[in-house]
Amino acid sequence: MNAIQLYKKLPGKNCGECNVNTCMAFAMSVLQGLSELSACPYLPEKEASTLQASVRRSDWRERLIRALRQEVKNISFKDIAEDIGAELRDNMLILKCLGREFSIMPEGDIHTQGHMTPWVQILLLHYIRIHGKAKLSDRWTSYSELKSGMVKASSFARDCEEPLRALLDNSTDAVASILRRLGASHRDSFPAPFAWHLYLLPRIPVMILYWPQDDEFDSKVKILFDSTADIFLDAEAIIFLLEGLVKNIEIQLRVMSRS
Ligand code: SF4
């Protein structure tokens with residue numbers, strides 16, 4: 001199913017109550033796995049669930065999730081929990097991602113409170129599948145210095161740093177408060193007016209540096225990683241993780257602007 005086909009089945013009100021501005025944008029967001037059809041209050045529940053099932057069947061992400069679950073099944077959670085910063089509870093792994101707690105069953109099913117998108121399931125399963133082992137170095141490095149980061153550096157800047165810069169330019173205080181809610185703390189030891197330290201996953205801390213526009217220079221965002229980040233996730237998954245952060249902030253900003 002493509003975005004136009006899905007769009008035609010939506011109510012067409014363009015009201016934004018699904019946290020996406022238009023029905024077309026919502027259709028694309030559903031197909032990207034970032035929204036669930038149940039987020040549209042005007043779509044009858046039965047229709048939303050039938051449509052969602054059909055989107056899932058044709059979605060490569062669902063196939064990837066099934067494949068990752070098979071790999072995760074063969075991993076001993078007891079052996080890796082400490083290495084990846086997870087808690088072991090009744091044979092489940094308890095992991096925090098973007099300030100939210102997830103329970104991962106030995107067979108790879110994931111549970112959390114509230115809505116969960118495919119991208120977060122892929123990330124968590126991928127993080128477990130890789131189960132890197134390293135002590136955080138406390139040495140901050142740019143994305144392009146991570147393994148294979150150079151090849152994808154322009155995608156990282158375009159899809160992660162630029163959208164975050166735009167959000168910060170428009171609503172610095174609101175984004176700062178969202179980052180704090182996600183667990184970020186401010187650091188003074190960096191040469192930027194704003195420096196937030198945030199754990200996206202237990203072994204993936206980031207430092208978000210923001211320079212607002214001034215008389216001489218445009219605004220700028222730089223996201224730094226602990227030099228061990230590529231032991232726990234590959235360069236592509238790291239982009240995925242940061243895109244998730246940006247999306248999370250966008251949704252929270254929309255909710256704040258309505259309240
Ligand atoms: S809530 Fe439903 S009707 Fe409104 S924009 Fe979203 S998809 Fe369209």
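A disulfide is counted here when two cysteine sulfur atoms lie within 2.5 Å of each other, and in this predicted model that rule gives a count of 0 disulfides. As general background, a disulfide is a covalent bond between the sulfur atoms of two cysteines.

Start with the ligand. Select it together with the residues that surround it, namely Pro11, Lys13, Asn14, Cys15, Gly16, Glu17, Cys18, Thr22, Cys23, Phe26, Cys40 and Pro41. Sorted by class, this shell holds 7 nonpolar, 3 polar and 2 charged residues. If you then display the cavities, the largest cavity is the space taken by the ligand.

Stay with the shell and select two of its cysteines, Cys15 and Cys18. Cys15 has a relative accessible area of 39% and is therefore partly exposed, because that class runs between the limits of 20% and 50%. Cys18, by contrast, has a relative accessible area of 12%, so it is buried.

Next, select Asn14, another residue that surrounds the ligand. Asn14 belongs to the loop between helix H1 (3-7) and helix H2 (23-31), and with 41% relative accessibility it is partly exposed. Its backbone deserves a look as well, since Asn14 is not a glycine and yet has a positive phi of about 50°. For orientation, most residues other than glycine have a negative phi.

Now leave the ligand and select helix H6, which covers residues 118-130. Which span should its 13 residues have at 1.5 Å a residue? The expected value is 18 Å, and the C-alpha atoms at the two ends of H6 are 18 Å apart, so the expected and computed spans agree.

Colour H6 by accessibility, and you will find the helix mostly covered, with 11 of its 13 residues buried. The buried residues are Pro118, Trp119, Val120, Gln121, Ile122, Leu123, Leu124, Leu125, His126, Tyr127 and Ile128. While you turn the helix in the viewer, it may help to recall that an α-helix has 3.6 residues a turn, so residues three or four places apart point the same way.

Finally, step just past the end of H6 to His131, which takes a positive phi of about 30° although this residue is not a glycine. His131 sits in the loop between H6 and strand S5 (140-142), and its relative accessible area of 30% makes it partly exposed. To close the tour, you may select Asn14 and His131 together: Asn14 has a positive phi of about 50°, and His131 has one of about 30°.

Conventions: Residues are numbered from 1 along each chain as its sequence is written. This is a predicted model: local features need pLDDT of at least 70, side-chain atom pairs count only at pLDDT 80 or more; totals for chains, interfaces and linings use all residues. Side-chain values use heavy atoms; hydrogens and water are left out. Buried means under 20% relative accessible area, exposed over 50%, partly exposed in between (1.4 Å probe, protein chains only). A residue is near a molecule or strand if one of its heavy atoms lies within 4 Å of it. On a 1 Å grid over the protein atoms alone, a cavity is a set of points where a 1.4 Å probe fits but cannot get out, and a pocket is an open set with protein on both sides within 12 Å along at least five of seven lines; lining residues have an atom within 4 Å of a point. A molecule sits in a cavity or pocket if more than half of its atoms lie within 2 Å of its grid points. Ala, Val, Leu, Ile, Met, Phe, Trp, Tyr, Cys and Pro count as nonpolar, Asp, Glu, Lys and Arg as charged, and the others, Gly among them, as polar. Helices (H or I, at least four residues) and strands (E, at least two) are DSSP runs, numbered from the N terminus. The expected span of a helix is 1.5 Å times one less than its number of residues.
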